[in-house]
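Grab a pencil and open the viewer. Try each exercise yourself before you read its solution.

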Amino acid sequence: MALGLLYFLGRGWGVKDTKLKQFYAINIFVTTIAFSMYFAMASGLGVANVTLANGETLPIYWARYTDWLFTTPLLLLDIALLANADRETIYTLVGLDVFMIATGLIGAFVAQPIYRIVWWGISTGALLVLLYVLAQTLSAAAANQSDAARSLTSTLKNALIVLWLAYPVVWILGTEGTLEIIPLATETAAFMVLDITAKVGYGAYLLQNHDVLKSVGGGSESGSAQPAD
Ligand code: RET
(Lines give C-alpha, C1' and ligand atoms only; values in the text may rest on other atoms or scores of the structure.)
Protein backbone atom coordinates (compact mmCIF):
# COMPACT_ATOMS: atom_id res chain seq x y z
CA MET A 1 0.00 0.00 0.00
CA ALA A 2 2.91 2.32 0.79
CA LEU A 3 4.46 1.55 -2.60
CA GLY A 4 1.13 2.20 -4.28
CA LEU A 5 0.87 5.50 -2.42
CA LEU A 6 4.38 6.50 -3.53
CA TYR A 7 3.58 5.53 -7.10
CA PHE A 8 0.43 7.70 -7.15
CA LEU A 9 2.27 10.59 -5.47
CA GLY A 10 5.17 10.35 -7.93
CA ARG A 11 2.97 10.16 -11.00
CA GLY A 12 0.59 12.84 -9.79
CA TRP A 13 3.26 15.27 -8.64
CA GLY A 14 3.45 17.65 -11.62
CA VAL A 15 -0.19 17.26 -12.68
CA LYS A 16 -1.85 20.65 -13.28
CA ASP A 17 -5.22 19.69 -14.74
CA THR A 18 -7.89 20.06 -12.04
CA LYS A 19 -9.94 17.06 -13.13
CA LEU A 20 -6.92 14.82 -13.29
CA LYS A 21 -5.74 16.11 -9.92
CA GLN A 22 -9.00 15.08 -8.27
CA PHE A 23 -8.54 11.48 -9.45
CA TYR A 24 -4.99 11.45 -8.13
CA ALA A 25 -6.16 12.93 -4.83
CA ILE A 26 -8.82 10.23 -4.42
CA ASN A 27 -6.36 7.38 -5.03
CA ILE A 28 -3.71 8.98 -2.83
CA PHE A 29 -6.28 9.13 -0.01
CA VAL A 30 -7.26 5.51 -0.58
CA THR A 31 -3.70 4.19 -0.34
CA THR A 32 -2.86 6.46 2.61
CA ILE A 33 -5.82 5.13 4.59
CA ALA A 34 -5.05 1.52 3.65
CA PHE A 35 -1.37 1.89 4.45
CA SER A 36 -2.19 3.33 7.91
CA MET A 37 -4.74 0.65 8.72
CA TYR A 38 -2.45 -2.20 7.57
CA PHE A 39 0.36 -0.69 9.63
CA ALA A 40 -2.01 -0.49 12.62
CA MET A 41 -2.73 -4.21 12.22
CA ALA A 42 0.97 -5.00 11.81
CA SER A 43 1.72 -3.03 14.99
CA GLY A 44 -0.73 -5.15 16.95
CA LEU A 45 -3.50 -2.57 17.11
CA GLY A 46 -6.72 -2.97 15.21
CA VAL A 47 -7.55 -6.48 16.35
CA ALA A 48 -10.10 -7.44 19.03
CA ASN A 49 -11.03 -10.78 20.53
CA VAL A 50 -14.72 -11.52 20.26
CA THR A 51 -16.18 -14.18 22.53
CA LEU A 52 -18.81 -16.27 20.81
CA ALA A 53 -21.89 -17.71 22.54
CA ASN A 54 -20.16 -21.12 22.75
CA GLY A 55 -17.20 -19.62 24.63
CA GLU A 56 -14.81 -19.71 21.65
CA THR A 57 -12.82 -16.53 20.91
CA LEU A 58 -12.33 -15.08 17.45
CA PRO A 59 -9.68 -12.52 16.52
CA ILE A 60 -11.48 -9.75 14.62
CA TYR A 61 -9.40 -7.29 12.64
CA TRP A 62 -11.66 -4.27 13.02
CA ALA A 63 -9.05 -1.99 11.39
CA ARG A 64 -10.12 -3.54 8.07
CA TYR A 65 -13.59 -2.09 8.49
CA THR A 66 -12.17 1.35 9.32
CA ASP A 67 -10.15 1.11 6.12
CA TRP A 68 -13.14 -0.04 4.02
CA LEU A 69 -15.50 2.51 5.56
CA PHE A 70 -13.44 5.32 4.08
CA THR A 71 -11.80 3.73 1.05
CA THR A 72 -14.80 2.04 -0.58
CA PRO A 73 -16.77 5.32 -0.96
CA LEU A 74 -13.65 6.86 -2.51
CA LEU A 75 -13.27 3.98 -4.97
CA LEU A 76 -16.93 4.43 -5.93
CA LEU A 77 -16.30 8.13 -6.37
CA ASP A 78 -13.57 7.33 -8.92
CA ILE A 79 -15.97 5.48 -11.18
CA ALA A 80 -18.93 7.80 -10.48
CA LEU A 81 -16.90 10.86 -11.47
CA LEU A 82 -15.65 9.08 -14.55
CA ALA A 83 -19.27 8.48 -15.56
CA ASN A 84 -20.20 12.04 -14.56
CA ALA A 85 -22.89 10.71 -12.19
CA ASP A 86 -25.09 13.26 -10.44
CA ARG A 87 -24.85 14.12 -6.76
CA GLU A 88 -27.96 12.17 -5.73
CA THR A 89 -26.59 8.99 -7.28
CA ILE A 90 -23.25 9.47 -5.57
CA TYR A 91 -25.00 9.96 -2.19
CA THR A 92 -27.08 6.84 -2.78
CA LEU A 93 -24.01 4.75 -3.59
CA VAL A 94 -22.07 6.08 -0.60
CA GLY A 95 -25.07 5.55 1.72
CA LEU A 96 -25.46 1.93 0.63
CA ASP A 97 -21.74 1.40 0.91
CA VAL A 98 -21.48 2.77 4.47
CA PHE A 99 -24.51 0.67 5.46
CA MET A 100 -22.83 -2.42 3.95
CA ILE A 101 -19.57 -1.94 5.87
CA ALA A 102 -21.33 -0.99 9.13
CA THR A 103 -23.62 -4.03 9.06
CA GLY A 104 -20.63 -6.25 8.20
CA LEU A 105 -18.83 -4.83 11.25
CA ILE A 106 -21.83 -5.56 13.47
CA GLY A 107 -21.85 -9.11 12.10
CA ALA A 108 -18.19 -9.51 13.00
CA PHE A 109 -18.87 -8.58 16.66
CA VAL A 110 -22.11 -10.47 17.34
CA ALA A 111 -21.83 -13.49 19.68
CA GLN A 112 -24.45 -15.85 18.19
CA PRO A 113 -23.20 -17.53 14.98
CA ILE A 114 -26.69 -17.53 13.46
CA TYR A 115 -27.07 -13.78 13.96
CA ARG A 116 -23.62 -13.26 12.47
CA ILE A 117 -24.83 -14.98 9.33
CA VAL A 118 -28.01 -12.89 9.25
CA TRP A 119 -25.92 -9.68 9.48
CA TRP A 120 -23.74 -11.02 6.67
CA GLY A 121 -26.92 -11.49 4.63
CA ILE A 122 -28.04 -7.90 5.35
CA SER A 123 -24.64 -6.54 4.36
CA THR A 124 -24.51 -8.69 1.22
CA GLY A 125 -28.03 -7.49 0.30
CA ALA A 126 -26.75 -3.89 0.50
CA LEU A 127 -23.81 -4.84 -1.73
CA LEU A 128 -26.12 -6.33 -4.34
CA VAL A 129 -28.36 -3.24 -4.37
CA LEU A 130 -25.25 -1.05 -4.58
CA LEU A 131 -23.89 -2.97 -7.58
CA TYR A 132 -27.29 -2.78 -9.25
CA VAL A 133 -27.51 1.01 -8.76
CA LEU A 134 -23.95 1.36 -9.99
CA ALA A 135 -24.57 -0.71 -13.12
CA GLN A 136 -27.76 1.29 -13.88
CA THR A 137 -25.96 4.59 -13.37
CA LEU A 138 -23.09 3.59 -15.58
CA SER A 139 -25.26 2.35 -18.39
CA ALA A 140 -27.35 5.55 -18.28
CA ALA A 141 -24.13 7.57 -18.42
CA ALA A 142 -22.70 5.60 -21.34
CA ALA A 143 -24.66 7.54 -23.97
CA ASN A 144 -22.93 10.79 -23.01
CA GLN A 145 -19.42 9.37 -22.79
CA SER A 146 -16.68 9.28 -25.41
CA ASP A 147 -15.74 5.82 -26.68
CA ALA A 148 -12.55 5.82 -24.64
CA ALA A 149 -14.35 6.88 -21.44
CA ARG A 150 -17.07 4.28 -21.99
CA SER A 151 -14.56 1.51 -22.47
CA LEU A 152 -12.52 2.53 -19.40
CA THR A 153 -15.72 2.74 -17.31
CA SER A 154 -16.81 -0.68 -18.44
CA THR A 155 -13.45 -2.34 -17.64
CA LEU A 156 -13.38 -0.74 -14.20
CA LYS A 157 -17.01 -1.67 -13.57
CA ASN A 158 -16.39 -5.34 -14.40
CA ALA A 159 -13.30 -5.44 -12.20
CA LEU A 160 -15.17 -3.74 -9.37
CA ILE A 161 -18.11 -6.17 -9.53
CA VAL A 162 -15.90 -9.28 -9.51
CA LEU A 163 -13.55 -8.02 -6.79
CA TRP A 164 -16.22 -6.62 -4.48
CA LEU A 165 -18.34 -9.78 -4.69
CA ALA A 166 -15.35 -11.79 -3.48
CA TYR A 167 -15.27 -9.97 -0.09
CA PRO A 168 -18.48 -11.45 1.37
CA VAL A 169 -17.39 -14.89 0.11
CA VAL A 170 -14.05 -14.66 1.94
CA TRP A 171 -15.83 -13.34 5.05
CA ILE A 172 -18.41 -16.12 5.26
CA LEU A 173 -15.88 -18.87 4.48
CA GLY A 174 -13.27 -17.34 6.80
CA THR A 175 -13.10 -17.01 10.58
CA GLU A 176 -15.86 -14.37 10.73
CA GLY A 177 -18.43 -16.76 9.31
CA THR A 178 -17.57 -19.28 12.08
CA LEU A 179 -18.09 -22.11 9.58
CA GLU A 180 -14.36 -22.90 9.82
CA ILE A 181 -13.98 -23.52 6.12
CA ILE A 182 -10.84 -21.47 5.50
CA PRO A 183 -8.24 -20.71 8.20
CA LEU A 184 -7.31 -17.21 9.36
CA ALA A 185 -3.98 -17.16 7.48
CA THR A 186 -5.65 -17.98 4.15
CA GLU A 187 -8.39 -15.45 4.81
CA THR A 188 -5.83 -12.75 5.65
CA ALA A 189 -3.89 -13.49 2.44
CA ALA A 190 -7.10 -13.43 0.39
CA PHE A 191 -8.17 -10.04 1.80
CA MET A 192 -4.67 -8.71 1.15
CA VAL A 193 -4.68 -9.76 -2.51
CA LEU A 194 -8.20 -8.35 -2.94
CA ASP A 195 -7.32 -5.08 -1.20
CA ILE A 196 -4.18 -4.56 -3.29
CA THR A 197 -5.99 -5.33 -6.55
CA ALA A 198 -9.09 -3.28 -5.70
CA LYS A 199 -7.07 -0.27 -4.57
CA VAL A 200 -3.66 -0.14 -6.23
CA GLY A 201 -4.48 -2.19 -9.35
CA TYR A 202 -7.79 -0.41 -9.97
CA GLY A 203 -6.30 3.04 -9.22
CA ALA A 204 -3.21 2.48 -11.37
CA TYR A 205 -5.34 1.28 -14.27
CA LEU A 206 -7.64 4.31 -13.97
CA LEU A 207 -4.73 6.75 -13.77
CA GLN A 208 -3.08 5.37 -16.91
CA ASN A 209 -5.81 7.17 -18.84
CA HIS A 210 -4.90 10.84 -18.44
CA ASP A 211 -6.68 11.97 -21.62
CA VAL A 212 -9.94 10.31 -20.65
CA LEU A 213 -9.85 11.67 -17.09
CA LYS A 214 -9.09 15.22 -18.27
CA SER A 215 -12.13 15.23 -20.51
CA VAL A 216 -14.61 13.81 -18.00
CA GLY A 217 -17.87 15.75 -18.04
CA GLY A 218 -17.10 17.20 -21.48
CA GLY A 219 -14.35 19.56 -22.57
CA SER A 220 -10.67 19.15 -21.83
CA GLU A 221 -10.25 22.39 -19.93
CA SER A 222 -9.45 22.08 -16.27
CA GLY A 223 -11.85 22.68 -13.43
CA SER A 224 -13.63 25.96 -13.84
CA ALA A 225 -17.16 26.03 -15.19
CA GLN A 226 -17.39 26.57 -18.92
CA PRO A 227 -19.51 29.49 -20.10
CA ALA A 228 -22.50 28.59 -22.29
CA ASP A 229 -22.02 29.09 -26.02
C1 RET B 1 -18.15 -7.45 4.39
C2 RET B 1 -18.97 -8.16 5.45
C3 RET B 1 -19.76 -9.26 4.92
C4 RET B 1 -20.70 -8.86 3.85
C5 RET B 1 -20.11 -7.90 2.87
C6 RET B 1 -18.90 -7.29 3.07
C7 RET B 1 -18.38 -6.49 1.95
C8 RET B 1 -17.21 -5.92 1.84
C9 RET B 1 -16.70 -5.26 0.68
C10 RET B 1 -15.50 -4.68 0.82
C11 RET B 1 -14.79 -4.04 -0.21
C12 RET B 1 -13.59 -3.60 0.06
C13 RET B 1 -12.72 -2.98 -0.90
C14 RET B 1 -11.55 -2.57 -0.44
C15 RET B 1 -10.60 -1.92 -1.24
O16 RET B 1 -9.50 -2.16 -1.25
C17 RET B 1 -17.86 -6.09 5.01
C18 RET B 1 -16.86 -8.24 4.18
C19 RET B 1 -20.92 -7.65 1.63
C20 RET B 1 -17.47 -5.22 -0.58
C21 RET B 1 -13.09 -2.81 -2.30
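Here come three exercises on this predicted model.

**Exercise 1.** Find strands E1 and E2 and work out how they are joined.

*Solution.* Start by locating E1 at residues 48-51 and E2 at residues 57-60. Next, check their directions: the two run antiparallel, with four bridges joining them. For one pairing, pick Thr-51, whose bridge partner in E2 is Thr-57. Finally, look at the link: five residues separate the strands of this hairpin, and Gly-55 in the turn has a positive phi of about 90 degrees.

**Exercise 2.** Look at Asn-84 and Thr-178. What is the sign of phi in each, and where do they lie?

*Solution.* First, recall the background: most residues other than glycine have a negative phi. Now take Asn-84: its phi is positive, about 55 degrees, and it lies in the loop between helix H3 (63-82) and helix H4 (87-109). Then take Thr-178: its phi is positive too, near 60 degrees, and its loop runs between helix H6 (147-173) and helix H7 (184-207).

**Exercise 3.** Describe the surroundings of the ligand.

*Solution.* Begin with the place: the ligand sits in the largest cavity. Go on to the shell of 16 residues, where Thr-72, Ser-123, Trp-164, Tyr-167 and Lys-199 come nearest. The protein covers 100% of the 540 Å² of accessible area that the ligand has on its own. Sort the shell by type and you get 10 nonpolar, four polar and two charged residues. Last, check the polar side-chain atoms: one in Lys-199 is 2.8 Å from a ligand oxygen, and one in Asp-195 is 3.5 Å from a ligand oxygen.

Methods
Residues numbered from 1 in each chain as written. Predicted model: local features only at pLDDT ≥ 70, side-chain atom pairs only at ≥ 80, totals over all residues. Heavy atoms only, no water. Pairing = 2+ DSSP bridges. Near = heavy atom within 4 Å. Polar contact = N/O pair within 3.5 Å; in protein donor to acceptor, adjacent residues only side chain to side chain. Areas by Shrake-Rupley, 256 points an atom, 1.4 Å probe, with all protein chains shown as cover. 1 Å grid on protein atoms, 1.4 Å probe; cavity = no way out; pocket = protein on both sides within 12 Å on 5 of 7 lines; lining within 4 Å. Sits in = over half its atoms within 2 Å of the grid points. Nonpolar A, V, L, I, M, F, W, Y, C, P; charged D, E, K, R; others polar.
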